Amino acid sequence: ILLLILTLLWLTPIKASIRPSCRCIIYDDTFGKEYGVFTSPDWPIPYEDNIDCLLYTFIAQNDHIVEITFDEFDVQKSSDTKIPLTTTTTNSNNIDFGCDHGDYVKLFLHLNNNNNNGIDETTKYNPPLLCGKFPDIEQTHFSSNSILIFEFHTDWRSGNNTGFRGTFRFLKKAMFRTDGQLISDTNCDYRFDHESLQLTRTMSHSIEQQQQQNSISNIESNNNNKTKYWVGQRGYFFSPQYPSTYPKQTKCSYRFQTNDPNQRIRLLFVEVSLQRNDQSCISNNDVIQIYDGIDSNADLIQQICGQIAFLEILSSTNQLYVEFISPPNTPQQQSAKGFKAEYSFIPVTSLIHSGTLSLLPFTPPLMNYFPFGSSYASGIPYPWLTANNQTNIRGNFNEKNNSDIIGGIDNISSSSTTISSSNNIHSSSASSCDRWFSSELHPNGTFTSPNYPEPYPTQIRCSYHFVGHGKQRVQVIFMDFDVHKVEDQHRDCEISDSLTAYIVTNGQKEWIDDFCGQELPPRIMSNGHRLTLEFKSFNRYRSKGFKASFRFVTNFGIETGRQDSKSVCGFVYNSTETKRGHFTSPNHPGLYPKDTECHYFFYGNITEKVYIQFLHFDVEGVTPCTLETASDYVEFSNVYTTDHRVYRHCGLKHPKSIESDGDFFRVTFKSNGRFDGTGFKASYEFRYSPSSSSSSSSLSPSLSMDNNNHQQNENINENHQKSKTIKTMKTLSSSGQSNILSTNNIKLLLFFNIFLSIILMNIDYCCSTLLSSLTNI
Ligand SMILES: [Ca+2]
Ligand SMILES: [Ca+2]
């Protein structure tokens, strides 16, 4: 009854203001089921022409939001205008993909409950209009308040299209509440101040000392002790209106700090869905910036743009600052969902000691927050809850592995009986062959195979875990390598003794390479602050194993230029400092790390131009090196952000030479999360060039190729492709299906487990629906 009264309150204004020609269907109940169902008229029989305006109105209780998901979608598209993913020109005219001249679904996601005048022709809808078929349209949509309306419009043209079928449900708003303290007079600036109880207990006798270690927090708690807002050890924070689309002109901040200098802040960006385009973060409007300190003056350690899942950030101190920016005055673009992130305050000791580290990477969601059981987490299941040990970074030493450790090994056998439980790694790790390297303790060092330089034992499996923080990457450089390789199996270490490298991508452990034989492997770099190497041996061969050095680097293995603290990976080359030199891709000559973006800024004198020549080029990708071709690329620009022309290069062809238009030049390297190469090495030179714009045409899309190198490149190419194929297969087999599943697919799967309730479709006037509801009372 309460629901209906609320319904009545909202409906009255809605009814008053809609177009008279609009008919209305209301969904305000799922009748005890998790989901309700809606369809287009006569579905799956093709819908009629000239429907003009049919309003689907979803009304939740005041403290709920509405989620709708289209499971089937086939709406006539009158024009085939397709917006290219390479939005080098962000033209707002293309936003509706040509739907506005035909049949469409028009979404109203941000209707306000309080001063609600319903919708009319002037109500702002949420672009884009939906028409066509999957994957042209986004499947799932959320309201920001308790009402969601969409208009179904069909024109006079017949198309024999079946329309749509979808499900809706109501979600508690509390699921998406940011746990921090909203700073007064701000829209979305939050603080997350955490008080370590342990510290308070142990240090209560020396408050002065405590103040020294964390002045800001304590000054406030002294002045204002009673209203001090402490957050828990763990919680969530969200972009505004999440999971609905975030508003333009947004600037939010999230400041984390703890009074315990021996705690770190760990963030896990569970889902990030910002404007999807094909630009590097430096040219992107909407961006999340993460600073390793109390505010934006601290070092920038991460920039997130586009779409990504399960990205982990670790602070290097007890403070962390996050900014989310969606600037004003940007052209109207497709709206995006924003982000969902989890924070936690963790003791440094958990980064140093192996046992607690295994709890570290991922914590389960706050189950109670999700009203419909454990599997719901805004569309993405938590992979560590479902994954087996092999795809789980935690499962580095499961029981099966433990039983592989047999006697006769000096530093292992004595303890093999104590390694009985995977939960008990902590206590026994010191005597197993697993090793943990945290940058909190070891900024660099060396490690070896067991017994090195004596032959390593048979039947072992050892893991070497590296955990950095901030923007640190782990770099491993091999010094000696002799691991028994089974011949006949060309370039395949699968059945040989081997050393295998894994990183974490999208929250999953991912294979990057493995090594065997006697050839010294190239240097390795992680894509983030974690890296795991696994060494395994089978039979009795007398190979001595390996020795390698590791270091946690913040310069991405780029040895030249001056690093710019305002970029995550930015290097400045100034003509006043050096006139010529070299620069390389990260980790060169090793494989470049995945998911990495680096910028090289060249500043010349006013009379100079920048001249660049590539000496080596291997950037995995296919022309035109775009998002659609899933390519890594090297991009050139004559301005700091976005050039009006974008010149990209990928593959093995390299430009012979490139000259800037003027005294500034930017080179950007960007790699994605799949496949890699050895990157590039290039020389640069600032050349005296007094007359401007005379030779700007040298930077043309069809850059000349060095013919001498061409033949050589072809050969390299062949070998390269071979190894790529092997890598592809391995990646697929090791990472399993879960990596391939998109959010939408996972959602579809979920539906198989859900009991659907079907609501009879009443195509009727709003008021008569309401009347019949009232009659039911
Ligand atoms: Ca039509
Ligand atoms: Ca790639």
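Leaving aside its neighbours within four places in sequence, which residues is Asp-497 in contact with? I would like to open with that residue, and I should say at once that what we are looking at is a predicted model. Asp-497 is in contact with Tyr-456, Val-483, His-484, Phe-515, Cys-516, Lys-536, Ser-537, Phe-538, Asn-539 and Tyr-541, once those neighbours within four places are set aside. The residue itself is found in the loop that runs between strand E24 (473-482) and strand E25 (498-505). Asp-497 is buried and yet has no salt bridge, the nearest side chain of opposite charge being that of Lys-536, 7.6 Å away. What its side chain does have is a polar contact with the side chain of Tyr-456, at 2.6 Å.

There is a second aspartate to set beside that one. Asp-434, in the loop between helix H10 (425-428) and strand E21 (435-438), is likewise buried without a salt bridge, and here the nearest side chain of opposite charge is Arg-435, 7.0 Å away. A polar atom of the Asp-434 side chain lies 2.9 Å from the backbone nitrogen of Ser-463.

Let me step back to the whole chain for a moment. The protein has 13 helices and 39 strands, and of its 777 residues, 55% count as buried. If we take contacts with a separation of 6 or more, residues 24 or more positions apart account for 82% of them.

That brings me to the calcium ions. For ligand 1, the protein donors are Gln-76 through OE1, Asp-103 through two OD atoms, Asp-155 through OD and Arg-157 through its O atom, and they lie 2.2 to 2.6 Å from the ion. Gln-76 sits in the loop between strand E4 (64-75) and strand E5 (104-108), while Asp-155 sits in the loop between strand E8 (147-153) and strand E9 (163-172), so this pair ties together parts that are 79 residues apart in sequence. Both are buried, Gln-76 with a relative accessible area of 14% and Asp-155 with one of 6%.

For ligand 2, also a calcium ion, the protein donors are Glu-620 (OE), Asp-632 (OD, twice), Asn-672 (OD1), Arg-674 (O) and Phe-675 (O), at 2.1 to 2.7 Å. The angles among these 6 donor atoms run from 53 to 153°, and the site is irregular. Again distant parts of the chain are linked, with Asp-632 in the loop between strand E34 (608-618) and strand E35 (633-637), and Phe-675, 43 residues apart from it, in the loop between strand E38 (664-670) and strand E39 (679-688). Asp-632 is buried at a relative accessible area of 0%, and Phe-675 is buried at 17%.

Finally, the salt bridges, of which the count comes to 25. In one of them the side chains of Lys-248 and Asp-286 meet at 3.2 Å, N to O, linking two loops in parts of the chain that are 38 residues apart. Lys-248 is partly exposed, at 32%, whereas Asp-286 is buried, at 0%. Another joins Glu-271 and Lys-337, also at 3.2 Å, and links strand E15 to the loop between strand E19 (319-326) and strand E20 (338-347), 66 residues apart. In this pair Glu-271 is buried, with a relative accessible area of 8%, and Lys-337 is buried as well, with 16%.

How values were computed. Residues are numbered from 1 along each chain as its sequence is written. Chains are lettered from A and ligands numbered from 1 in the order in which they are written. This is a predicted model: local features need pLDDT of at least 70, side-chain atom pairs count only at pLDDT 80 or more; totals for chains, interfaces and linings use all residues. Side-chain values use heavy atoms; hydrogens and water are left out. Donors are N, O and S atoms within 2.8 Å of the metal (3.2 Å for Na, K and Ca); water is not among the atoms, so sites may look incomplete. Helices (H or I, at least four residues) and strands (E, at least two) are DSSP runs, numbered from the N terminus. Buried means under 20% relative accessible area, exposed over 50%, partly exposed in between (1.4 Å probe, protein chains only). Lys and Arg count as positive and Asp and Glu as negative; His and the chain ends are not counted. A salt bridge is a side-chain nitrogen of Lys or Arg within 4 Å of a carboxyl oxygen of Asp or Glu. A polar contact is a pair of N or O atoms within 3.5 Å; within protein, one must be able to donate a hydrogen and the other to accept it, and residues adjacent in sequence count only if both atoms are side-chain atoms. Contact means heavy atoms within 4.5 Å. Four donors count as tetrahedral if all angles lie between 85 and 135 degrees; four count as square planar and six as octahedral if opposite donors are over 155 degrees apart and all others between 65 and 115; anything else is irregular.
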